[in-house]
Amino acid sequence: MEDVKVSNGADCQLEQKHSEEERFDKFMNVMVQIVEKYGQSILQELDCVA
């Protein structure tokens, strides 16, 4: 009986880890898109200020 609970807990942890990895990957993809879109203009503005 305890073995079932442990394995279910391990399954939940694996699913949660996979879910967190998916969210992190999506977040990183969005951040890359933002940097690609606005990065050049921001660097130019900072260059003008300096």
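The following paragraphs lead the reader through the fold, the surface and two surface patches of this chain.

The structure is a predicted model. Its chain contains 1 helix and 0 strands, and the helix, H1, covers residues 2-49. Of the 50 residues in the chain, 2% are buried. The chain exposes about 5,000 Å², and 59% of this area is supplied by carbon and sulfur atoms.

One feature of the surface is a nonpolar patch of about 950 Å². Its members are Phe24, Phe27, Met28, Val30, Met31, Ile34, Tyr38, Ile42, Leu43 and Leu46. Tyr38 may serve as an example from this group. This residue is located in helix H1. Its relative accessibility is 41%, and Tyr38 therefore counts as partly exposed, a class that lies between the limits of 20% and 50%.

A second feature is a surface patch of negative charge, in which Glu20, Glu21, Glu22 and Asp25 gather. Asp25, like Tyr38, has its place in helix H1. Because its relative accessibility is 45%, Asp25 counts as partly exposed.

In summary, helix H1 holds both Tyr38 of the nonpolar patch and Asp25 of the negative patch.

How values were computed:
Residues numbered from 1 in each chain as written. Predicted model: local features only at pLDDT ≥ 70, side-chain atom pairs only at ≥ 80, totals over all residues. Heavy atoms only, no water. Patch = residues over 30% accessible without salt bridge, like charges linked within 9 Å, V, L, I, M, F, W, Y side chains within 5 Å. Areas by Shrake-Rupley, 256 points an atom, 1.4 Å probe, with all protein chains shown as cover. Salt bridge = Lys/Arg side-chain N within 4 Å of Asp/Glu carboxyl O. Helix = DSSP H or I, 4+ residues; strand = E, 2+ residues; numbered from the N terminus. Buried < 20%, exposed > 50% of the residue type's maximum accessible area, 1.4 Å probe, protein only. Lys, Arg positive; Asp, Glu negative; His and termini not counted. Charge placed at Lys NZ, Arg CZ, Asp CG, Glu CD.
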